[in-house]
Amino acid sequence: MSFFTVIIPLYNKEKYIKNAIKSVLNQTFSDFELVIIDDFSSDKSAAIAATFESEKVQLIYHKKNCGLSASRNSGIKKANSNYITFLDADDLWKPTFLESIFQLIQNFPEARIFGTNYEEVWDTVIKNPCNGSEILPIDFTGYINFFKINIKQGIYNHGSVCFHKEVFEKVGFYNEKINFSEDLDFNIRANYNFKLAYTNSVQMRYFMQTENQLTQSSLLNKTIPDFDSYENWAKTNSDLKKYLDFERYVLGKRLKKNNDLRWKKMILTIDSTNLNWKQNVLLKMPRFILNLIDKLKLFLLKLGIKTSTY
């Protein structure tokens, strides 16, 4: 049995999948199996992935397009390892990603979630995320409170985290009814029940503007997480309450920019004291101003300047 199972969900990423697979196969820690789930791609993605099939690399085909959550769940069910990690088909790992996760597992035995820092790639510009890691020592390694620190961008993303199989056994799999921000829903359940060990070392490259990227698409007709379903947990966990309100702010603002009236319900239960003044002001702005601000932010990124409300 391999130490890690690596899962790559694949859908129409023919330009990127080769490099993603190579970044896994080039890991300094080599005790892993790689499971690629082709979610009924209509381009050459599956054919490219098939060239890597071996004893170490398994390619599974969905007979219809089922979505990201279903692809991840298919991979989890096929996993033969105790430690399961993911990489999107348009992202890359640094060569020492799995080695870094292995060290976290060895050094923090009470944890069942293990994450690393990452970097963002905006076209030709590489930036550090505004994710709370900047308040940690550059060489930090240890346990962290996910809900307390994770009120900016994600302290990890789903290409820089590993879960022990006990996490899935206790909290369940990814919710296949959700097809936007399904990671958020799973992260809440996982981090409420298990400890997170984290290293501030940058071990993953997250590409922000590739084709078919869900984070760049409209939310119209998308099923989003129901943050209200976790309010009972938040009654006895103020850090979770603040985290839920932050995510309501992020998703509510996104819905408003899309002219999706669900934004009104999304922000209804936000405690304004859980947001900073900039976030409270932005929630009150009309959608055309919010969209103009986004265009300005992208322009500044091209100049190497990253702005944030965090």
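## Helix packing, cores and two loop residues

Helix α9 (residues 238–257) packs against helix α11 (residues 277–284) at an angle of about 30 degrees, with their axes 10 Å apart. That makes α9 roughly parallel to α11 (angles under 35 degrees count as roughly parallel). Axes are lines fitted to C-alpha atoms over the stretch in contact, and helices are DSSP runs (H or I, at least four residues) numbered from the N terminus. In this pair, Phe246, Tyr249, Lys253 and Lys256 of α9 meet Gln279, Leu282, Leu283 and Lys284 of α11, contact meaning heavy atoms within 4.5 Å.

This is a predicted model, in which local features need pLDDT of at least 70 and side-chain atom pairs count only at pLDDT 80 or more, while totals for chains, interfaces and linings use all residues. Residues are numbered from 1 along each chain as its sequence is written, and side-chain values use heavy atoms, leaving out hydrogens and water.

The largest nonpolar core has 51 residues, of which Ile113, Tyr156 and Phe163 touch the most other members. Its largest share, 7 residues, comes from α9. Such a core is a set of buried Ala, Val, Leu, Ile, Met, Phe, Trp, Tyr and Cys residues joined through side-chain atoms within 4.5 Å. Buried means under 20% relative accessible area, exposed over 50%, and partly exposed in between (1.4 Å probe, protein chains only).

Two loop residues other than glycine have a positive phi.

| Residue | Phi | Loop | Relative accessible area |
|---|---|---|---|
| Phe40 | near 60 degrees | between β2 (32–38) and α2 (45–50) | 47%, partly exposed |
| Ser181 | about 60 degrees | between α6 (165–171) and α7 (182–193) | 17%, buried |

Strands such as β2 are DSSP runs of E with at least two residues.

Key:
Axes are lines fitted to C-alpha atoms, for helices over the stretch in contact, and angles run from 0 to 180 degrees between N-to-C directions. Angles under 35 degrees count as roughly parallel, over 145 as roughly antiparallel, 65 to 115 as roughly perpendicular and the rest as oblique.
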